[in-house]
Amino acid sequence: MLSSTQSRIEELLTTIDRLGMVKIKHLQAIHDLKSYRNACRVVKQLNSYVNETYHNKEKVIYLNKYGRDLIGSTKEDNKKHFMEHTFLRNDVYIHFNCPHDWKNEYPIEVENNPHSFGINFGNMSVINKRKLIADAAFRRNGYLHLIEVDNLRKMIDNKKKVDTYREMFPKLNDHTPILFIFTTTHDRRRKFEGLLQGIRHEVRVFGEIN
């Protein structure tokens, strides 16, 4: 039987693995670690299993090989790219009360023609598919919730991704999903609202959820 300390360590490592990279304040909120000082004390217990770096003078941690091995994670090393995007996505995870089935980088794939089995070229079969990666996803009340975090992408690129969602939604073998977009300003929210006509959606500003 695992000790309570070991169980807590594995629970924290599993959260870090799910999110990829976290600030101490994220673990503080997710695991109800009370004060920031107490959260720092708890995080010290993870020293053998995590790497540390800093972002805007805040300590950031992510799993090292020993941490991944302890919980059986097969994810690759976090390369520390797109850190701000990752932390905003963590804020969304907390905003939705930490869904147990939350998945980062959620792949969506549909056939362009659902009645076609592909195009044959000799002995080769080519399936005509559309693919898209949502920033995150989880299910609640029977509906797939798809998450997009908007902080750096140009609006013209956002439009392309929204148009892809619009094409794919009717072809998903699911109840109509809900697309949640979290953005940085009210002006960008207004622009998204214009792009998202005809798609079941909600657009929120980060300042309203923190």
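Helix H6 gives the largest share of the lining of the largest cavity, 4 residues. The structure is a predicted model, and this enclosed space is a friendly place to start looking around it. The structure holds 1 cavity of 30 Å³ or more, and about 60 Å³ of space lies in the largest cavity. Helix H6 spans residues 155-168, and both H6 and strand E9 supply at least two residues of the lining. The residues around the space are Glu-148, Asp-150, Arg-153, Asn-158, Lys-161, Val-162, Tyr-165, Leu-179, Ile-181 and Phe-192. Sorted by class, this lining has 5 nonpolar, 1 polar and 4 charged residues.

Stepping back to the whole chain helps to place these details. The protein chain has 7 helices and 10 strands. Of its 210 residues, 42% are buried. Its accessible surface comes to about 12400 Å², and carbon and sulfur atoms account for 50% of that area. Contacts across the sequence can be described too: among those between residues at least 6 apart in sequence, 60% join residues at least 24 apart.

The nonpolar interior comes next. The largest nonpolar core has 32 residues, and Ile-16, Val-92 and Ile-147 are those with the most contacts inside it. Two or more residues come from each of helix H1 (4-19), helix H2 (24-30), helix H3 (36-44), strand E3 (58-63), helix H5 (83-95), strand E7 (129-140), strand E8 (143-149) and strand E9 (178-183). Among these elements, H1 gives the most to the core, with 5 residues. Apart from this core lies another, of 20 residues, which includes Ala-137, Leu-146, Met-155 and Leu-195.

A residue from each core shows what such surroundings look like. In the largest core, Ile-147 is in contact with Val-92, Phe-96, Trp-102, Ala-134, Asp-135, Ala-136, Phe-138, Phe-180 and Phe-182, once neighbours within four places in sequence are left aside. In the other core, Leu-146 is part of strand E8. Leu-146 counts as buried because its relative accessible area is 0%, where the cut-off for buried is under 20%. Leaving aside neighbours within four places in sequence, Leu-146 is in contact with Tyr-106, Ile-108, Ala-134, Ala-136, Ala-137, Tyr-165, Phe-169, Pro-177, Ile-178, Leu-179 and Phe-180. One of these partners, Pro-177, is 31 residues from Leu-146 in sequence, with a C-alpha to C-alpha separation of 7.0 Å in space. Two of the contacts of Leu-146, Tyr-165 and Leu-179, also belong to the lining of the largest cavity.

Lys-23 offers a further example, this time with a charged residue. Lys-23 lies in strand E1, made up of residues 22-23. Its relative accessibility is 9%, so Lys-23 counts as buried. Not counting residues up to four places away in sequence, Lys-23 touches Glu-58, Lys-59, Val-60 and Phe-87. The pair Lys-23 and Lys-59 is 36 residues apart in sequence, while their C-alpha atoms are 6.2 Å apart in space.

Terms used: Residues are numbered from 1 along each chain as its sequence is written. This is a predicted model: local features need pLDDT of at least 70, side-chain atom pairs count only at pLDDT 80 or more; totals for chains, interfaces and linings use all residues. Side-chain values use heavy atoms; hydrogens and water are left out. A nonpolar core is a set of buried Ala, Val, Leu, Ile, Met, Phe, Trp, Tyr and Cys residues joined through side-chain atoms within 4.5 Å. Buried means under 20% relative accessible area, exposed over 50%, partly exposed in between (1.4 Å probe, protein chains only). Contact means heavy atoms within 4.5 Å. On a 1 Å grid over the protein atoms alone, a cavity is a set of points where a 1.4 Å probe fits but cannot get out, and a pocket is an open set with protein on both sides within 12 Å along at least five of seven lines; lining residues have an atom within 4 Å of a point. Grid points are joined across faces, edges and corners, and a volume is the space filled by probe spheres set on the points. Accessible areas come from the Shrake-Rupley method with a 1.4 Å probe; for residues, only the protein chains shown count as cover.
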